[in-house]
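Please take the sequence and the structure together, and follow the explanation below with both in view, turning the model as each part is named.

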Amino acid sequence: MTELSKSGAAVGEPTAASHAATAFLEVRDLKVHFPTDDGLVKSVDGLSFKLEKGKTLGIVGESGSGKSVTSLGIMGLHTAGQYGKRKARISGEIWLNGTELLSADPDHVRKLRGRDMAMIFQDPLSALHPYYTIGQQIVEAYRIHHNVDKKTARKRAVEMLDRVGIPQPDKRVDNYPHEFSGGMRQRAMIAMSLVNNPELLIADEPTTALDVTVQAQILDLIRDLQKEFGSAVIIITHDLGVVAELADDILVMYGGRCVERGPADKVFYEPRHPYTWGLLGSMPRLDREQQDRLIPVKGSPPSLINVPSGCAFNPRCPYADVPKDNLTRTVRPELTEVGSDHWAACHMTQEQRERIWTEEIAPKL
Amino acid sequence: MLAYLIRRLFAAAVMLVVIIMVVFGIFFLVPKWAGVDIALSFVGKQADPAAVAGVREKLGLSDPIYMQVWEFFKGIFAGRTYSAGGDVTHCAAPCFGYSFKSEQAVWPVLTDRFPVTLGLALGAAVLWLVFGVAAGVLSALKRGSLWDRSAMVVALAGVSLPIYFTGMLSLAIFAFGLKWLNAQYVPLDQSFTGWFGGMILPWITLAFLYAAMYARITRATMLEVLGEDYIRTARAKGLREQTVIGKHAMRSTMTPILTMLGMDLGALIGGAILTESTFNLPGLGRAVLDAIRNQDLPIILGVTLITSLAVLLANLVVDILYAVIDPRVRLA
């Protein structure tokens with residue numbers, strides 16, 4: 001019980017949440033729910049984390065675990081341009097640089113978008129407007145937030161394209177997105193996101209649509225640019241290899257909630273949640289001897305309308321019966337501290353988890 | 001861009017020749033294969049055998065087909081002289097045929113009627129574009145609202161109600177009942193206000209039908225575009241919502257609307273038969289209707305040709321505008 005209350009304070013329970021945040025970005029008990037004909041889809045259901053400038057947070061999880069919804073929520077893109085009656089219901093707090101975004105004036109949040117916080121999207125072809133040149137799109141992004149003439153903005157666009165490694169940037173600036181290769185498009189997208197030196201950069205699966213050789217280049221680019229600009233970066237992915245390279249901290253999401261978070265090496269080398277074990281087991285690794293097969297996480301992601309009672313992972317968890325009294329199926333586990341700044345939401349005791357990890361899981365990886 | 005333009009113009013020129021040949025084929029070859037005497041339909045069934053023989057000779061119907069096609073082509077560009085013995089009929093270039101029945105060249109009939117139809121089509125197009133597109137965009141942005149539902153019901157009515165119904169109804173109410181507008185066509189060069197007043201009801205009637213179609217297409221396209229990733233990107237940049245909609249979303253929404261506009265305008269310039277006959281406008285549509293009634297083949301042929309040319313021209317303009325809007329088209 002002491003563990004539970006301690007965790008509650010640390011992740012920022014609503015009762016203790018009225019004070020302003022100290023971290024650069026702090027998300028407290030974020031909930032994003034979408035009303036549909038079939039019921040309320042709880043895409044994100046109580047997520048909390050902190051991120052400092054110059055640090056990278058990796059958010060990992062399967063499709064539908066709420067990663068992208070979280071990032072769009074921070075950007076305020078669930079409420080901007082929502083037409084019709086089916087509006088997303090968002091609650092909680094998002095503090096960016098001392099400002100709470102969810103209660104702020106939408107026009108103020110709009111002005112922060114693209115300037116203080118920017119986003120790189122998954123598929124750069126569909127994320128760039130096909131009818132405008134790369135230059136026009138970067139110039140537009142710059143001029144919304146800077147009162148400069150077109151010539152200055154264009155110079156800035158060329159400069160940014162050069163920074164992200166586009167050859168002949170003064171010529172390519174006048175190309176249309178369809179005239180760029182996939183990797184170049186993503187570079188252009190990054191140039192557009194960084195044109196205003198944002199302090200927070202959210203990269204939503206930035207390499208998923210790219211081939212492997214280009215993936216590494218793009219990740220290097222993001223890392224270099226982060227060093228240069230000192231931004232805070234959230235990188236969202238289902239690819240653990242990506243976060244292993246970039247992230248300082250890792251947050252593992254399942255069914256709209258955080259199941260484990262902590263420093264990257266802790267989550268990688270001493271994971272304390274069965275779902276994280278599953279993710280690690282399903283990841284191909286070149287640094288280990290050849291195994292028979294990858295071990296998939298059995299079953300499919302939970303319905304976000306009827307989330308399983310108790311631990312959302314219990315139908316797929318091979319260790320669901322380890323805790324006593326059918327606890328996994330009746331009580332939802334809260335995040336508890338399992339190491340220094342390392343948290344996991346699981347009913348198993350620390351000893352049980354450590355034993356299973358060292359005896360059963362780690363040898364097979 | 002230039003290469004695209006040249007390619008497109010060349011294609012249009014080829015298409016032009018093909019159209020003329022197909023139209024010629026429909027009017028001269030098909031009856032021949034069907035065993036119908038064309039000369040008879042050119043003069044009228046009650047004509048005496050001598051007149052029929054004269055027309056046959058004037059049209060060169062006994063000549064080989066390639067000669068007939070050539071004469072027909074030559075007539076369009078250089079004019080044509082029909083002669084049989086001492087009876088000579090001259091038809092100045094561009095000769096689109098000569099009506100032996102009404103004893104007049106077809107071209108002056110077309111040029112006479114054309115401004116009426118053009119005025120009708122263009123005026124209605126402005127109306128339906130403004131109201132149809134605006135209603136469609138509003139419906140998309142307020143999807144599911146009372147406005148959306150009522151606009152779409154009105155649009156459904158607009159698409160389903162025939163022009164002779166809405167036209168007659170508007171005439172009965174506004175021209176004959178309330179006497180707000182006159183039901184008489186006044187040529188533009190006589191009086192602008194008279195022309196304008198007389199055109200209001202035809203414009204509204206015709207535009208109602210098309211505005212309904214355009215509203216539905218605009219709504220559907222806009223909804224699709226609003227779901228695109230690049231709209232989300234535009235918002236993520238921090239653009240104002242009116243810029244996101246008015247610039248980024250509208251540009252993509254305009255593409256299918258433009259295609260439709262080209263086709264519709266082309267077809268309408270060939271004559272809005274129903275509207276013109278309902279409102280008694282002396283346009284191409286009326287001309288062709290009268291010609292069909294009188295079995296005046298050359299006039300029908302002329303209007304058919306002009307209609308095809310208008311569609312061809314409209315499509316050419318649309319294709320060029322297309323390349324201006326969508327850079328990807330320039331490569332195709």
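In this predicted model, Trp95(A) stands opposite Glu100(A), a residue of strand 5 of chain A. The strand that partners strand 5 here is strand 4 (residues 89–96) of chain A, and the two run antiparallel, joined by 2 bridges. Both strands belong to an open sheet of 4 strands in chain A, whose order is 2-1-4-5 and whose pairing is antiparallel. At its edges lie strand 2 (39–51) and strand 5 (99–100) of chain A, each of which pairs on one side only. As a general point to keep in mind when looking at any such sheet, the side chains of a regular strand alternate between the two faces of the sheet.

Chain A also holds an open sheet of 8 strands, this one with mixed pairing and with the order 6-7-8-3-9-10-12-11. Its edge strands are strand 6 (117–120) and strand 11 (336–339) of chain A, which again pair on one side only, and neighbouring strands in this sheet are turned against each other by 20° on average, direction ignored.

It helps to begin at the edge formed by strand 11 of chain A, which pairs with strand 12 of chain A in the antiparallel sense over 3 bridges. These two strands form a hairpin with 2 residues between them, and in the turn Asp341(A) has a positive phi of about 55°. Within the pair, Thr336(A) has Ala344(A) in strand 12 of chain A as its bridge partner. Where else does Ala344(A) take part, and which residue stands opposite Ala344(A)? That residue is Glu260(A), and the strands concerned are strand 10 (residues 257–263) and strand 12 (residues 342–344) of chain A, which run antiparallel and are joined by 2 bridges. At the other edge of the sheet, helix 8 (residues 182–194) of chain A lies across strand 6 and strand 7 (200–204) of chain A, and it runs at about 175° to strand 6 of chain A.

We can now turn to the place where the two chains meet. The contact takes 27 residues from chain A and 23 residues from chain B. On the side of chain A that touches chain B, helix 3 (106–112), helix 4 (124–127) and helix 5 (134–145) of chain A each supply at least two residues, and the largest share, 4 residues, comes from helix 5 of chain A. Sorted by class, this side of chain A has 13 nonpolar, 7 polar and 7 charged residues.

In chain B, a good starting point is helix 5 (residues 106–141) of chain B: at 1.5 Å a residue its 36 residues should span 52 Å, and because its end C-alpha atoms are 50 Å apart, the two values agree. Helix 5 of chain B nevertheless has a kink of about 35° at Phe114(B), shortly before the proline Pro115(B). Helix 5 of chain B packs with helix 8 (residues 192–226) of chain B at an angle of about 35°, their axes being 5 Å apart, and the crossing is right-handed. By class, their contact has 24 nonpolar, 6 polar and 2 charged residues.

A further pair in chain B is made by helix 9 (residues 229–236) and helix 10 (residues 241–269) of chain B, whose axes come within 10 Å and cross at roughly 145°. Here too the crossing is right-handed. Tyr230(B), Ile231(B), Ala234(B) and Arg235(B) in helix 9 of chain B meet Val244(B), His248(B) and Ala249(B) in helix 10 of chain B, a contact with 5 nonpolar, 1 polar and 1 charged residues by class.

Conventions:
Residues numbered from 1 in each chain as written. Chains lettered and ligands numbered in written order. Predicted model: local features only at pLDDT ≥ 70, side-chain atom pairs only at ≥ 80, totals over all residues. Contact = placed C-beta atoms within 7 Å. Nonpolar A, V, L, I, M, F, W, Y, C, P; charged D, E, K, R; others polar. Pairing = 2+ DSSP bridges. Axes fitted to C-alpha atoms, helices over the stretch in contact; angles between N-to-C directions. Expected span 1.5 Å × (residues − 1). Bend = angle between axes of the 7 residues up to and from the residue. Left-handed = near helix turned anticlockwise from the far one by under 90°.
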